[in-house]
Amino acid sequence: MGLFSKFESKVEDTVEGAAERMGAVPLSPVQIAKKAEKQMSREKMAGAGKQYAPTLYTVLVNESDDERLFGYYPTLAGETETYLAAKAAEHGYVMDGQPLVRFIVDEGLKRGKFEVIAELVAAPLVVQLRQEEMERYGLAAPASPYGGHAPARNMANMAYQPAGYEPAPRPADPFEPAPAYEYDEEPHTIAFGYEAEGSAPDAPQLVAYLYDMTNDRAFTLSEPSMTVGRESDNDIVIPDINISRHHAVVRREVANSWVISDEGSTNGTFVNGRRIKSAPLRDGDIIVMGTTNVEFQLI
């Protein structure tokens, strides 16, 4: 029996049994596994002569389907993770640890529909998210020795970079821990009390970019105002489930002077490790949205 046949046999029995009691099969585990495998191949990253496969797979589901299948998620996730790890090995892909499959509600999806987002993230973040998933299913104790959830980690240093893969200089080791963000404090609005580099009337016009360090992509800031988010109607689309649909706006104030403003995002916008409402940007500033690191560049 082949790998996929084994997966199909093990998982379908569980879900089909649930379907008999619920009246219909809300989602097909086989379709979820196949779409996750397709996203794995699509989002793999090349570096140091190897192909690195994503380790985080977020399955977006309808709220009604989520309620009906919640109790079966541990089985679905576990078997799908085993399947993806085996397929990665079969294709010769390298994974930084065991993959994680999680299910999140997306109110925009119709019943019976789903999407899969595959991301390359650092192993420590996968461990943290797995712990949170186990707690959600009631299968693990809280990670913190003091009870409750473990302290928030600094996502600015969580972006995954395979060994030998260095698309651009980094301000710091991406795996170096940093102090946790103070989420309970009011986000800051930073005053614009400085003269932006090159903002003098006779200064040359520079081209501004947002460089997505996590996904190795660059976006030219070609308009006076550009929106950033995970929805396709944004000027800059970043496929990170932890980024809000319409997360932030980057605006040009004067020549060579740009400002970023958070648009009421769920997880906030951080500039050089500080959560902000609005802040000026200087060349080399590191912006964190969700689990994605972005560098502001003036060239």
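These are my notes on the nonpolar cores and one helix pair in a predicted model.

**Main core.** I looked up the largest nonpolar core first. It has 24 residues. Within this core, Y57, V59 and F103 have the most contacts. I then asked which elements supply it. At least two residues each come from α2 (29-43), β3 (56-61), α4 (73-91), β4 (100-105) and β5 (114-119). The top contributor is α4, which gives 6 residues.

**F103.** I picked F103 for a closer look and left aside its neighbours within four places in sequence. F103 is then in contact with I32, V59, V61, Y73, L76, A77, E133, R136 and Y137.

**Second core.** I also found a separate core of 22 residues. Among its members are V228, V250, A279 and M289.

**Helix pair α2 and α4.** I turned next to how these two helices pack. Two packed helices are described by the angle between their axes and the distance between the axes. For α2 and α4 I noted an angle of about 40° and axes 10 Å apart. The angle lies outside the roughly parallel range, which ends at 35 degrees, so α2 is oblique to α4. The crossing of α2 past α4 is right-handed.

**Their contact.** I listed the residues on both sides. From α2 come P29, A33, K34, A36, E37 and M40. They meet L76, T80, Y83, L84, K87, A88 and H91 of α4. I sorted the residues of this contact by type: 8 are nonpolar, 2 polar and 3 charged. One residue here, L76 of α4, is also on my contact list for F103.

Note on methods. Residues are numbered from 1 along each chain as its sequence is written. This is a predicted model: local features need pLDDT of at least 70, side-chain atom pairs count only at pLDDT 80 or more; totals for chains, interfaces and linings use all residues. Side-chain values use heavy atoms; hydrogens and water are left out. A nonpolar core is a set of buried Ala, Val, Leu, Ile, Met, Phe, Trp, Tyr and Cys residues joined through side-chain atoms within 4.5 Å. Buried means under 20% relative accessible area, exposed over 50%, partly exposed in between (1.4 Å probe, protein chains only). Helices (H or I, at least four residues) and strands (E, at least two) are DSSP runs, numbered from the N terminus. Contact means heavy atoms within 4.5 Å. Axes are lines fitted to C-alpha atoms, for helices over the stretch in contact, and angles run from 0 to 180 degrees between N-to-C directions. Angles under 35 degrees count as roughly parallel, over 145 as roughly antiparallel, 65 to 115 as roughly perpendicular and the rest as oblique. A crossing is left-handed if the near helix is turned anticlockwise from the far one by less than a right angle, and right-handed if clockwise. Ala, Val, Leu, Ile, Met, Phe, Trp, Tyr, Cys and Pro count as nonpolar, Asp, Glu, Lys and Arg as charged, and the others, Gly among them, as polar.
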